[in-house]
Amino acid sequence: MPKQVKLKIDGEYVNATEGQSVLDAAKANGKFIPSLCHVQGLSGVGACRLCMVEIAGGARPLPACTTPVQEGMVINTVSERLSKYRRMIIELLLSERNHVCAVCVSNGHCELQDMATRLGVTHSSFPYRYPRLPVDASHPRFVLDHNRCILCSRCVRVCAEIEGANTWNIVSRGVNSMVAADLNEPWGDAESCTRCGKCVEACPTGALVVKGKAVEEMVKRTQTVSRLATARGGSR
Amino acid sequence: MLDVKERPQTEVEDQAFIDGVIAEYAGKPGGILSILERVQERNRHKYLSKEVLRWVARKTGEPLSRIYSVATFYSFFNLEPQGDHTVCICRGTACHTRGSRDLLNNAKLILGIRQDPDGGADKLSLTTPDKKFTVRTVACFGQCALAPVVEVDREIFGRMNERELRKVIDRVDQKGTK
């Protein structure tokens, strides 16, 4: 039986299991911390930086998804500074690629859109980059639209940790980073892909979608991914 | 399971070499880096072809996507054949203020390399069609007092200008293939 620890989140005492992340502990106790790259059951990578929280005793905020709980921790998830950071992150994500909700199949079922609404981001104060990015429709069932990708790496992790196919990875670096299948091949030609579609279900935006779905139909089932992860003993 | 039909388009002894290197680093964390580095160094054009990457993936049991991710993350891995000579132009801040952008454009003009499509990209590796020269950029050589700095075939030249650059390139060109 793993050890239980007691910590304080937003002034409330909560119980957590040793080894659990602060984000999971908060979620288990009904607390909401904004996050985009996290999926329950998959490993935490701290890619989106939305779940930054203030921990008493540390000057800098830390990502809740990769910070393990400790006995006696005092955590603050809401503050003026944190909401400013979080809004800025959403604005940067929106300006980085071509996020045009009006023509997106995930409109209305998009975690980026929901998060922007929830955090009160109505526009981006940064100039849009408008990069020229391709759309990969070579796969018989799914489409990869790089314009809507936020590089959260959920697809990479679900493919590696649950399906075990390791089809996806992030290639290149910095502003040139992209998700790519195998040796940067068209998805339809990727020999390791099992066509299971878990990456599509895990994708928070319209970057990975099912072909032939209309706007209202393209609902992602992230919970299914989490359930599968729990079923195979993922505790993270 | 991966089905690799094609063997690497290299000499037989090169395949044996790759297998040997892989055996040497078997089970060592971070071994992929060393394997790719040594395999690239062995190649005449100093690059990693897709066939070689496939072969390494198959032999090490690493996923193709991870090999490709590693090979694209580090700028020292080349996925395209490199020229016999390398002209490396520093695009660090100090060199930039001393005119390294013009120097880069001059190098491209001297070697007859067409401007890359997105023009402003500061990180690049361009090779002449005859595979004689490759022009690369680097973030900093750590010799900012000598700005602008250019490296030609691992020799550092400080306080460069167009005339000097032309001279150095001509000299290297005369020497022919290494």
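How many residues of chain B are in contact with chain A, and how many residues of chain A are on the other side? In this predicted model, the contact brings together 13 residues of chain B and 15 residues of chain A. On the chain B side, two helices each give two or more residues to the surface that touches chain A: α3 (50-60) and α4 (64-73) of chain B. Of these, α4(B) provides the largest share, with 7 residues. Sorting the chain B side by class gives a mixed picture, with 6 nonpolar, 4 charged and 3 polar residues touching chain A.

It is helpful to look next at how each chain is divided. In chain B, the assignment gives domain 1 (12-73) and domain 2 (85-175). The C-alpha centres of these two domains of chain B are 29 Å apart.

Chain A can be read in a similar way. Its domain assignment consists of domain 1 (4-78) and domain 2 (126-231), and the centres of domain 1 and domain 2 of chain A, taken over C-alpha atoms, are separated by 27 Å. Which residues make up the contact inside chain A, counted by domain? Domain 1 of chain A contributes 10 residues, while domain 2 of chain A contributes 15 residues. On the side of domain 1 of chain A that touches domain 2 of chain A, 7 residues are nonpolar and 3 are polar, and no charged residues are found there. The side of chain B that touches chain A, by comparison, includes 4 charged residues.

Terms used
Residues numbered from 1 in each chain as written. Chains lettered and ligands numbered in written order. Predicted model: local features only at pLDDT ≥ 70, side-chain atom pairs only at ≥ 80, totals over all residues. Contact = placed C-beta atoms within 7 Å. Helix = DSSP H or I, 4+ residues; strand = E, 2+ residues; numbered from the N terminus. Nonpolar A, V, L, I, M, F, W, Y, C, P; charged D, E, K, R; others polar. Domains from an automatic or database assignment.
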